[in-house]
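Tutor: You've got the sequence and the model in front of you now. Pick one part you'd like to look at closely, and we'll work outwards from there.

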Amino acid sequence: MFDALNRLAADPEGRPPRPSATLVVLRESPAGPEVLLLRRAERGDLNSGAWVFPGGLVDEADHASAGCCTGVDEAAANAALGLASGGLAFYVAAVRECFEECGLLFAREAGGQPVAPQRLSQLDAWRGPLHRGEAGLPALCAEHGLSLALDELVYCAHWLTPVGIPKRYDTRFFVAAAPALQTAVPDAAETVEHRWLRPADVLADRAAYKMLTPTLKTLEMIAPHASAAAFLAWARQPRQVPMIQPRLGSGRQGKRPVTPDEPAWAELGRLDPQGTGQACYEIQVDVPVRLSPRVIRVTADNGSVMTGPGTNTYLVGGGPRNEWAVIDPGPLSPAHVQAVLAAAPGPIRHILVTHTHTDHSPACVALQQATQAPVSGRVASHPMWQDTTFAPDRLLQGGERLQIDDGVTLQVVHTPGHASNHLCYLLEEEKTLFTGDHVMQLSTVVINPPDGDMRAYIASLRELAAGLELDWLAPGHGFLMAQPRQAMEAIVAHRLKREAKVVEALRRLGPASADELLQAVYDDVPPRLHPVAMRSLNAHLLKLRDDAAAVERDALWALA
């Protein structure tokens with residue numbers, strides 16, 4: 001239901017986003033690539049005073065410019081931008097806007113040589129008429145014998161303004177090396193200042209520069225590259241350029257765009273398809289969040305390195321009888337128990353536990369005392385790191401189906417790995433899987449032997465990805481996650497990549513102790529987290545032993 005609403009609400013006012021183009025101009029410096037940033041004039045709108053790249057709307061004359069272009073034709077432009085038609089106009093608009101706003105012209109003389117700097121003085125008078133729409137680049141090129149050098153532009157990004165913002169743009173970003181010997185001169189109308197800046201310097205002092213999200217993210221994309229040539233080479237490689245559409249959300253920074261690489265992005269699209277910005281991009285502790293007519297989330301105030309923003313407790317129910325189940329009551333926190341009780345729209349009839357680590361199940365005792373609801377789950381095979389107060393009234397088996405209310409059905413899925421007694425719960429009516437710690441957002445699940453088992457964990461993930469039809473994951477830590485299969489396949493790939501590092505370290509160092517292997521296998525993890533990483537390293541080593549790929553003798557590990 002929510003995905004359908006999201007598609008229908010792509011433009012709630014019926015106004016198509018306006019086609020636009022932006023040109024990121026780079027030059028080399030001894031300290032790395034520099035970008036040309038322009039400061040917009042103060043006009044009382046969102047862009048006022050912002051530092052931007054040259055760019056603006058595609059106009060009618062841009063669509064009639066094929067005759068003055070070289071290096072890229074309409075077919076090539078459409079293929080690069082993934083369009084059926086009109087692609088060339090985006091390239092032309094990027095060139096035109098750059099010339100209008102800062103006087104740099106990507107063009108060639110009739111003989112193919114670059115436009116000489118002295119020629120630009122003859123062309124400067126065209127900038128105003130171009131900006132006002134009184135002339136187009138075809139006329140300029142015809143009068144001065146020029147052609148637009150579109151092959152110097154590389155398509156690098158595609159941004160769509162969030163739903164809910166009155167002025168929406170469909171903007172294609174291009175990147176190019178600055179024309180040799182030309183000098184940028186702001187037009188003093190739209191732009192009032194320009195600077196050549198290293199992306200890393202701007203990002204390190206971003207409070208000094210008002211920037212819109214696409215500008216900031218483009219600088220982040222360029223910053224890791226050692227030179228302008230290196231970034232251009234990367235951008236020219238065959239690759240899929242995704243469309244990036246932020247979503248509006250609210251939080252401590254006020255209402256702002258949230259990009260797809262942020263944890264809340266998928267959830268915002270589900271909760272607020274119209275783009276009002278009322279949904280929150282932050283996890284708020286002990287504040288109920290209505291995720292659907294059947295699901296409410298309340299997050300405990302126990303955030304840490306191990307628990308992320310806190311442990312999620314889910315209320316699932318809301319059928320005709322308005323009866324509810326609680327999944328993972330959380331840590332022993334009276335305030336959290338009261339928040340869960342207050343969030344329940346009706347009587348709590350079931351208390352379900354994904355596993356019995358101490359941030360998920362200790363509140364069962366207090367919640368059961370308050371509701372008299374039976375507790376269901378499984379008992380771990382090993383007592384280490386477990387909640388010793390957990391005493392289930394019912395032991396659950398994988399494959400069971402729990403009828404919480406009419407139209408509210410939970411299927412029990414046994415998913416050992418993080419813990420031997422780990423369960424996930426599938427809300428069949430919404431194809432949403434409550435994953436506990438089997439899948440966490442923005443964090444690697446710790447596999448801690450002997451109760452944790454890396455081999456079982458990977459097998460459980462593969463079975464879930466292949467065997468269940470899912471639309472959403474509701475993790476024990478973090479926001480709702482879309483694209484469940486891709487998320488689980490990515491976790492498996494990450495684990496196998498780490499396992500390959502273990503094998504390589506054994507080949508290079510073995511026989512070696514776990515402490516020696518840790519430094520090589522987890523060299524990308526901060527030393528303060530190495531005690532936690534050691535648990536997962538042991539799990540990898542035991543998996544390799546069980547796979548007959550490694551052996552242990554006298555606390556030293558080697559390849560079999």
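Student: Let's take a close look at Ala-188: does this residue count as buried or exposed, and at what relative accessibility?

Tutor: Ala-188 counts as exposed, because its relative accessibility is 64%. The cut-offs are simple: buried means under 20% relative accessible area, exposed means over 50%, and partly exposed is in between, with a 1.4 Å probe and protein chains only.

Before going on, two notes on the model. Residues are numbered from 1 along each chain as its sequence is written, and side-chain values use heavy atoms, with hydrogens and water left out. The model is predicted, so local features need pLDDT of at least 70 and side-chain atom pairs count only at pLDDT 80 or more, while totals for chains, interfaces and linings use all residues.

Now, where does Ala-188 sit? It lies in the loop between β9 (169-177) and β10 (191-197). Those labels are DSSP runs numbered from the N terminus: helices are H or I runs of at least four residues, strands are E runs of at least two. Its backbone is worth a look too, since phi of Ala-188 is near 65°, a positive value in a residue other than glycine. Most residues other than glycine have a negative phi, and most peptide bonds are trans.

Asn-322 makes a good partner for Ala-188. Although Asn-322 is not a glycine, it has a positive phi of about 55°. You'll find Asn-322 in the loop between β16 (312-317) and β17 (324-327). Asn-322 counts as partly exposed, because its relative accessibility is 27%.

Loops also hold buried residues. Take Gln-245, in the loop between β11 (243-244) and β12 (247-249): this residue counts as buried because its relative accessibility is 17%. Leaving aside neighbours within four places in sequence, Gln-245 is in contact (heavy atoms within 4.5 Å) with residues including Leu-160, Arg-168 and Trp-265.

Then there's His-360, in the loop between β18 (348-352) and α13 (364-371). With a relative accessible area of 0%, His-360 is buried. Beyond four places in sequence, its contacts include Asp-328, His-355, Gly-436 and His-477. Gly-436 is 76 residues away from His-360 along the chain, yet their C-alpha atoms are separated by 8.2 Å.

Thr-415 belongs to the loop between β22 (408-414) and β23 (423-427). It is buried as well, with a relative accessible area of 1%. Setting aside neighbours within four places, the contacts of Thr-415 are His-422, Leu-423, Cys-424, His-438, Ser-460 and Leu-464.

Back to the backbone, this time peptide bonds. The bond from Pro-449 to Pro-450 is cis, with omega near 10°, and Pro-450 lies in the loop between β24 (432-436) and α14 (454-467). A second cis bond runs from Gly-510 to Pro-511, with omega near -5°; Pro-511 is in the loop between α15 and α16 (514-521).

Pro-449 and Pro-450 turn up again among the residues lining the largest cavity, along with His-357, Trp-385 and Asp-451. That cavity holds about 40 Å³ of space. On a 1 Å grid over the protein atoms alone, a cavity is a set of points where a 1.4 Å probe fits but cannot get out, a pocket is an open set with protein on both sides within 12 Å along at least five of seven lines, and lining residues have an atom within 4 Å of a point. Grid points are joined across faces, edges and corners, and a volume is the space filled by probe spheres set on the points. The count comes to 2 cavities of 30 Å³ or more.

To finish, zoom out to the whole chain. It has 17 helices and 28 strands, and its C-alpha atoms fill a box of roughly 85 × 65 × 40 Å along the principal axes. Of its 560 residues, 53% are buried, a group that takes in His-360 but not the exposed Ala-188 we started from.
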